[in-house]
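Trainee: Could you take me through the ligand site up close? I'd like to know what sits around the ligand.

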Amino acid sequence: MTEHRKSVYMSFSTDVIHGGHTSIIQKAAELGELTIGMLTDEVVVSYKRFPVLKYDERVKLIKSIKGVSKVVPQNSLSYAENLRKYMPDFVVHGDNWVKGFQKPIRDEVEQVLLEYGGELIEYPYSNNEDYEQLELSQREQLSMPDARRARLKKLLEMKPLVSVIEAHSGITGLIAEKTTVLIDGETRQFDAMWSSSLCDSTVKGKPDIELLDMSKRFQIIDEIMDVTTKPIIVDADTGGQVEHFVYNIKTLERMGVSAVIIEDKTGLKKNSLFGTDVEQTQDTIENFSEKIRAGKAALKTKDFFLIARIESLILEKGMEDALTRAFAFVEAGANGIMIHSRKKDPNEIFEFCEKFRIKDPSTPLVVVPSSFNTVTEDEFAKRGVNIVIYANQLTRTGFPAMQRAAESILENKRAKEADDMCMSINEILTLIPGEY
Ligand code: SPV
Ligand code: MG
């Protein structure tokens, strides 16, 4: 009787194959028939960085390596689903996950292997400077204008919902870029950043009335771009005068921004969350459509999105008005629609999405749930929303903390009591690349 050939499982996400990969694959293949679980694009985006090669290309790449018998999709960072399905005799991994971010994944692998008597085999991780350099240069590549700009569109094709957080400086950009959580074997990161008129103005101590000129806004965006790789969506208020807007949209596109959102208001813009408490004027459909057409005509690439934001619900003009505008603005060339509301109750947003989707199944829908903040991303996705923007949370959390620290120093005439509120110097240093 011939002995049953053992089966081996490894998980991969990589889009660059180097000697470290081929040597561990070789060792794994010596143990038996090797199946590779290739992480899907959606998983790679949520735990690492945007893959330079798409899933199918990464599969082709790994399949071409000697020793690989089969490649299957792995739909989560967790191995559990695939291990229970394929029940490999061995799981092979580098020993770099014994501690750190991936430890819970490893613990789960051990547990699942115990269920059926599989074995975990770990080889020393190859800490090679050249490989690290390779990864760094991939990241650098992602931050270049052409690569960065095109990625929002790719993310929309790849994920049911794109999650965006506000950033207004280099440091908040880094928080948006790097913050990762691991929950139930699933990692989450933000996909993109929002450059908010409200937050940019607040940081400068100015009201959100289109007072900050675009060159100031460009400077802030440039600062963020300097230290991050993720795509950026820019809040360009009303877009201003058409004659100015056509220049500004071109600048944004050239910088590598992925999308601009302009709102259908005119005159002195006030923040939408004031609603009808202050005087705000909505632009006519004709004028705003003209602005959209002019903006689109100024663009040079197909990657850049001009998204029209509808203020009808904010200004209590009714659902019909909001829908009429949405269809007209898509007709004028808008690549997406942002519908805004300042109600806590999300029903008017849900109703808009449902009615919009009956006639238009594909134009991306964007929401900013500052007020209707009980709704989860999964629920939004079910309702046909494609982009959720957390528009001001990093600003609104940062400033109260600063205020508390300032008060504490005044109260105590020293900084000791404020120390517990502060991030350690060490943490600050490691947040900023090159400082450790
Ligand atoms: C912003 O973030 O500046 C926005 C969203 O435009 S809101 O403040 O809700 O109007
Ligand atoms: Mg704004």
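Mentor: Sure. Around ligand 1 you'll find W194, S196, S197, L198, D235, N271, S272, L273, R309, H340 and A391; a residue makes that list if one of its heavy atoms lies within 4 Å of the ligand. Keep in mind that this is a predicted model, where local features need pLDDT of at least 70 and side-chain atom pairs count only at pLDDT 80 or more, while totals for chains, interfaces and linings use all residues. Residues are numbered from 1 along each chain as its sequence is written, chains are lettered from A and ligands numbered from 1 in the order in which they are written, and side-chain values use heavy atoms, with hydrogens and water left out.

Now go through the polar side chains. S196 has a polar side-chain atom 2.8 Å from an oxygen atom of ligand 1. N271 puts a polar side-chain atom 3.0 Å from an oxygen of the ligand. For R309, an N or O atom in the side chain is 2.7 Å from a ligand oxygen. These are polar contacts, meaning pairs of N or O atoms within 3.5 Å; within protein, one must be able to donate a hydrogen and the other to accept it, and residues adjacent in sequence count only if both atoms are side-chain atoms.

How much of ligand 1 does the protein cover? On its own, ligand 1 has 280 Å² of accessible area, and the protein covers 99% of that. Those areas come from the Shrake-Rupley method with a 1.4 Å probe; for residues, only the protein chains shown count as cover. So, back at the site, S196, N271 and R309 are the side chains to click on for those ligand oxygen distances.
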